[in-house]
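Student: I've got a structure open and would like to talk it through. Can we start with one pair of side chains and work outwards?

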Amino acid sequence: MLNKKLIYTLVLWCVCGLMAYAQEFKLNINSGYFQNRGVDVMAFDDIYPEGHQSGVSIIMHGNRIATNGDIRFEPTPGQWQPVPKQRERKMDEAANTITTWLSFPDSSHHQTGFNPMIYPDFVFNYTVTVRGEGVSVIVTVDLDRPIPEEFIGKLGFNLELFPGALFGKPWIMDDKQGIFPQQPNAPVLVHPENNAHTGNFNPDGKADFERLSGYHRGYNPILAGDIIAEPYAIGRRFVVRPDDPANRFVIESKGTELKLYDGRMNHNNGWFVVRSDIALGKTTEAIKWVITPNVVEDWKYKPVVQTSQIGYHPEQPKVAIIEIDKRESNRELPTLYKITETGEQKVFSDAGVEWGQFLRYNYLKFDFSHIKEEGLYQVHYGSSVSSIFRIARDVYDRGIWQPVLEYFLPVQMCHMRVNEKYRVWHDFCHLDDARMAPVDYNHIDGYVQGPSTLTKFQPGDVVPGLNRGGWHDAGDFDLRIESQAGECYILALTYETFDVNYDATAIDQSKLIVEIHEPDGKNDILQQIEHGLLSVVGAYRSMGRLYRGIICNNLRQYVLLGDAGAMTDGIKGNDDDRWVFTEDNPPRELMAAAGLAASSRALKNYNDTLSMQALEAAETIFKATALQTLPNLVVNESAKSAKIQAAVELYLATGKKEYKDFLLSETGYIVASIDRMGWFIGRAEQKMNDAKFTKAIKNALPRYKQELEKLSAETPYGIPYRPHIWGAGWDIQRLGYQYYFLHKSYPEIFEPNMVFNALNFILGNHPGSNTASFASGIGAKSAIPGYGLNRADWSYIPGGVVSGTALIRPDFPELLEFPYLWQQVEYVMGGGSSHYMFLVLAAQKILKEK
């Protein structure tokens, strides 16, 4: 019989062994990453390094704190610096490893496409192996050949640290200490340019090196690796956030020294970078790091209570979504409190309904739709609470959709000066637009000019009529045809559907001055449609065709932060003028025709001349597009769909039989594509008064409704949502916008709930710990800062709607408060804000009709 001492020893050994096992980083084959309680280490699940989503990433206790762990040619690379090509990724559960095979260059990016890059003349392959070993993960890099001497000090392994969480926080490097600064601080280092050794990996690339480099005239982001910040520290052991157990981690280099850089010195949107250079002659274990994140005992994700940040109308559905750690088995009692003059008053409690797992969390739904008394409310779940919100009949009446018209659209207006009392949002801008772009040219933003300008204008010619109207798209200041005509289209349908009449802004097209919050007696939404058409129709009448877009001609202009008026000198015909691109693209042209036709209806009796010109252009484009001549099947299908949509808008604008006959002739195609066409065909179908056509459409719609219901059931939010790298907010808004037309035309088939679900998702009912409204400045908590013209000031544009919560693959929803992540907080034209405005107005109308 075992004696007590031996039993005690065995028990202690088992307990210690279990504790040690529980505190190890283990590869979870199902999730695809290493897990140790509240800490996850991912390896090459994401392949988006220019967006700070790639390589080795670390998520600690609910926050992503490091990413982009990989080989790079620069200590602090930016958006246009070379990235590797990922070839293979393999997980080995027995070995507790993830191994990834990569190589330089990625020829598909060399001087071509969107974000063209210039690759140095060095071809090599390498592997990055990440292995869990106890409380640490070991990162090892092996090369297939030594690096040439000219790249010593250039090639190294980088790990980027999210700056927004580190400002004012401490670090330790060996015996040196410091605080992460709010701004990058000199001195700087000057390095030889990698581009002195440029490869020739893509002979068909059309982005000219000299033009990309700005002819070496001062700073250029594509050559920004030559001037960098001097490291804040150099050593062997680096500790991040030694003050905070939830964010503390240690990096130890077993090879070359660690260096702490500030990537914001040469790129305003840069992150802090920890780096080790690759030594001369080294191939095996060229890099070896031991990364040890601190694991907080018994940590669990704090439940997040997600509600609309503005609140609810008494008659609409009201469901709070509670996001819970999937390891948590205990449940609290969700409770609704009313906020009164004397404090909180309990109103309603319920166990809620278990929904199950979505992404990495479990979800509980708390329905309080029966609460209709007006007032201020808050949902509690244990120690977690929602934002305070209203239940009120006027909840959507002021400061909810209006900021889109009051602020966002005026601020984005091109070729104007935009004032708001003491403030100038931007000065007169781009009055020298535009010169015809060079032929056979690949622009930095993906614009491609073919072998001909397709117009009477030659490359470099000043094209008249392009310096009026239009809106700057996002922070890039360009005018794409889909954003310009698309914005007009949505605004026109908004005006037509809801009879919007709102005046808070003075817009003087003769003086080119906008005064925010100075009414001028004119309907703001019609003034905005007019402003968009001045660009689209003006360019069409000048060139005899639509533009592809108008955009700056060099990278230094492209990255401009601040006043759009500073981009060019306003004098036509010199080197700083923007370029206009053209293209032969039937799908895009026909979609623009649809927008022009709808806009012509909206501007009748407001600007009859522009209305007539828009309609003439739409009809000409429709007749000029012969679908059977298109060689590409996918393009042909897109063009066919777009032509049907254009026919709908033209029929509604003119009532002409030719458009009705065209739609009737395409009945079979429309029915087969009802998921794409149902939303716009309904308005025409009801006017056409053709029993056979109506029957075919109505018979097809239930199938689409079932598909939507199936997709909506995949998430706790009651909306189809399959997140990718970018936030899905814009797609969800667009779906809600389209769904409203289905509901309006066929209310017996499509109930209104998806409109409310889409709107609530945008206003805060979405995954992740950041429950901000995607509409900046709208709601108790909203997306601030935003990726707009004032992003360098960590500011926002009221009424701008961001793309929203993104997915850090494979399962981490994230919405950071950081102004430079375009995939999370960018503003756009052609849907972002206008779809949101439409959704709010749709919700209002549905509720008023109850």
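**Charged pairs, a helix and the whole fold**

Tutor: Sure. This is a predicted model, and a handy place to begin is Glu315, which counts as partly exposed because its relative accessibility is 27%.

Student: Which residue forms a salt bridge with Glu315, the closest N and O atoms being 3.2 Å apart?

Tutor: Start from the loop between strand S22 (311–312) and strand S23 (319–325), where Glu315 sits. Its partner is in the loop between strand S27 (361–367) and strand S28 (375–381), 57 residues apart from Glu315. That partner has 41% relative accessibility, so it counts as partly exposed. The residue is Lys372.

Student: Is Arg548 buried or exposed?

Tutor: Arg548 lies in the loop between helix H5 (524–543) and strand S39 (549–551). Buried means under 20% relative accessible area. Arg548 has 8%, so it counts as buried.

Student: Which residue in helix H4 meets Arg548 in a salt bridge?

Tutor: The two side chains come to 2.7 Å, N to O. Helix H4 covers residues 481–498, and the pair links parts of the chain 66 residues apart. The partner in H4 is partly exposed, because its relative accessibility is 34%. It's Glu482.

Student: What is the N to O distance in the salt bridge between Glu583 and Arg548?

Tutor: Glu583 is buried, with a relative accessible area of 17%. The cut-off for a salt bridge is a side-chain nitrogen of Lys or Arg within 4 Å of a carboxyl oxygen of Asp or Glu. For Glu583 and Arg548, the closest N and O atoms are 3.6 Å apart.

Student: How many residues apart in sequence are the parts that Glu583 and Arg548 tie together?

Tutor: Glu583 lies in the loop between strand S40 (579–581) and helix H7 (586–602), while Arg548 is in the loop between H5 and S39. The pair therefore ties together parts that are separated by 35 residues.

Student: Which residue is linked with Glu482, Arg548 and Glu583 in a network of salt bridges?

Tutor: We've already met the bridge of Arg548 with Glu482 and the one with Glu583. The network takes in one further name, Arg588.

Student: Moving on to helix H8, how far apart are its end C-alpha atoms?

Tutor: H8 runs over residues 608–624, which is 17 residues. Among its buried residues are Leu610, Leu615, Ile621 and Phe622. At 1.5 Å a residue, H8 should span 24 Å, so the model agrees: the ends are apart by 24 Å.

Student: Which residue of the nonpolar surface patch is found in strand S14?

Tutor: The patch has about 260 Å² of accessible area together, and Val188 and Val190 are among its members. The one in S14 (residues 227–229) is partly exposed, with a relative accessible area of 40%. That's Ile227.

Student: Zooming out, what radius of gyration does the protein have?

Tutor: The C-alpha trace spans about 95 × 70 × 55 Å along its principal axes, and buried residues make up 60% of the 850 residues. A compact globule with 850 residues would come near 29 Å, so the protein agrees with that rule: its radius of gyration is 29 Å.

Student: And how many strands does the protein have?

Tutor: Residues 24 or more positions apart account for 70% of the contacts with a separation of 6 or more. As for the elements, there are 17 helices, and the strands number 42.

Definitions and conventions: Residues are numbered from 1 along each chain as its sequence is written. This is a predicted model: local features need pLDDT of at least 70, side-chain atom pairs count only at pLDDT 80 or more; totals for chains, interfaces and linings use all residues. Side-chain values use heavy atoms; hydrogens and water are left out. Patches are made of residues with over 30% relative accessible area and no salt bridge: like charges are joined within 9 Å, nonpolar side chains (Val, Leu, Ile, Met, Phe, Trp, Tyr) within 5 Å. Accessible areas come from the Shrake-Rupley method with a 1.4 Å probe; for residues, only the protein chains shown count as cover. Helices (H or I, at least four residues) and strands (E, at least two) are DSSP runs, numbered from the N terminus. Buried means under 20% relative accessible area, exposed over 50%, partly exposed in between (1.4 Å probe, protein chains only). The expected span of a helix is 1.5 Å times one less than its number of residues. The radius of gyration is taken over C-alpha atoms; the globule rule is 2.2 Å times the number of residues to the power 0.38. Contact means heavy atoms within 4.5 Å.
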